[in-house]
Amino acid sequence: MDWYKDMAEENFQPKIVAFVCRWCTYTGADLAGMSRLQYPPNTKVIMLPCSGRIDINFVLRAFMQGADGVLVSGCHPGDCHYNEGNYRARRRWTLLRDLLDTLGFDLRRLKLAWISAAEGNKWAQTVTDFTKEITELGPYTELHELCDCVESPLAPEAAIAAKMAFTEAKPAEDALLKTVQQAFSEEKVAKVLGWRSRPTLKRTSPDWFESAEELKDLAAPPAGVNVVRLCDEPVLANEPKLGVIARPRELASLNVLTQEHALNPEQVTVFELDADGKYLRTGTLRELSGEVAQKFPEGQVVGHSAETMQKLAEFMQKPRAERFAFWKEVSQHCLHCYACRQACPICHCKKCYVDKNQPQWFPTAADGMGNFSWLIVRAFHLAGRCIGCGACQTACPADIPLNMLNATLAKSALDNFSYQAGVNPEVPPLQADFSQKDQETFII
Ligand code: SF4
Ligand code: SF4
């Protein structure tokens, strides 16, 4: 314990929060106490029913409210009292660590462990080692300074101006127009989702068309917008004959909604376009959903452009502190307008977690803590679900490079779990599933 006394003399007492499952680690900690094992007293233990219950927001909140280190621990794989809670947690931690790494978070400050009820010694040793490591690292000043920041300056003027530029709508292709008109006249569809030209606004925006007459306003798809955003629950629940004009990105989005049981693939007629908006064919979503992977260049993570993946690879070559400084700078421009959420085809929860205020887990102010939390929570909520359409970044008035965070999680899903969002509507969503073989090299 000498090292600890030496450090204590320098007046730094690390604040460590440990989230532990009640059945294994908490009982292990109890055993350490009953066995009178000595270890540093800096760790505050918070007991949860299962490691599967340890939400990333608990971890973030602990860091953002002053913790210098966070320890998360549960039962060993195979020992979970709910059978699979720790397997599910392990998958989430893998994704979270990769996201935090891109954001330049200091991963040495987040320790993950399996400690059983019989491992009082392991608990005491883990807490001792971790306290020593955090003491050597010192206070987590860069994060705490970010969280103390209350300013939220606007994004650079040029970025805002580019976002405000008007684009003239182009009329829809004849072949597509005729096909959709015919589907209406044969009563195969009652509502069709496509792009409406709005000449006075000099805009093209997603909209529902409810008759063949309305199709006079049908426009060609613009870049950067995903019409599936309008597939919300009331429409899906109440209309059995829907049509969607879909490029590969929309098709992938519909597949994710199918996986999440938000729609019935027999209910949707797809008017399929290629990536450039050229009409290809018509079929039910069930018939067309299986070929999404082939619609993107070989080797590309579905939807996420080769350019974004390249940018991410180059960004990850930078030192951690530089990555953190980059996100600190860009995140301060966030307005908390939630345009990114509104533009996303996959964000379809009835009530968004961040809008809940009883209890309010999410800091909603547009300040350092609120902005950084939003970057993490938004991206992580879409881990294994985002199909990389880029609509969120297009919508962001502050020009925050959200695509890079989305691509991080897409890469993590592919590298760690061989999973690509939106490719196969028949498999469970990434975070609703687990494998006993999922890797865990980062867990002690
Ligand atoms: S998070 Fe962004 S890129 Fe991913 S599906 Fe949603 S809008 Fe598209
Ligand atoms: S659209 Fe941009 S500015 Fe608005 S909440 Fe999302 S990240 Fe922040």
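Tutor: A residue is near a molecule if one of its heavy atoms lies within 4 Å of it. In this predicted model, Cys 334, Leu 335, His 336, Cys 337, Tyr 338, Ala 339, Cys 340, Trp 374, Cys 396, Pro 397, Ala 398 and Ile 400 surround ligand 2.

Student: What makes residues of the shell around ligand 2 nonpolar or polar?

Tutor: The residue type decides: Cys, Leu, Tyr, Ala, Trp, Pro and Ile count as nonpolar, whereas types outside the nonpolar and charged lists count as polar. The shell around ligand 2 therefore divides into eleven nonpolar, one polar and no charged residues.

Student: How is the shell around ligand 1 divided by class?

Tutor: Nine of its residues are nonpolar, three polar and one charged. Of the 13 residues around ligand 1, those that come nearest are Cys 344, Cys 386, Cys 389, Gly 390 and Cys 392.

Student: Why is Arg 341 called buried?

Tutor: Its relative accessible area is 12%, and buried means under 20%. Arg 341 is therefore buried. Its place is in helix α14, residues 339-343.

Student: How do you know that the side chain of Arg 341 makes a polar contact with that of Asp 355?

Tutor: The two side chains are paired at 3.1 Å, and the cut-off for a pair of N or O atoms is 3.5 Å. Beyond four places in sequence, Arg 341 is in contact with residues including Arg 229, Cys 352 and Trp 374.

Student: Where does pLDDT stay under 50?

Tutor: It does so over residues 1-6, although the chain averages 87. Where pLDDT is low, the predicted coordinates should not be read in detail.

Technical notes
Residues numbered from 1 in each chain as written. Chains lettered and ligands numbered in written order. Predicted model: local features only at pLDDT ≥ 70, side-chain atom pairs only at ≥ 80, totals over all residues. Heavy atoms only, no water. Helix = DSSP H or I, 4+ residues; strand = E, 2+ residues; numbered from the N terminus. Buried < 20%, exposed > 50% of the residue type's maximum accessible area, 1.4 Å probe, protein only. Polar contact = N/O pair within 3.5 Å; in protein donor to acceptor, adjacent residues only side chain to side chain. Contact = heavy atoms within 4.5 Å. pLDDT = per-residue confidence, 0-100.
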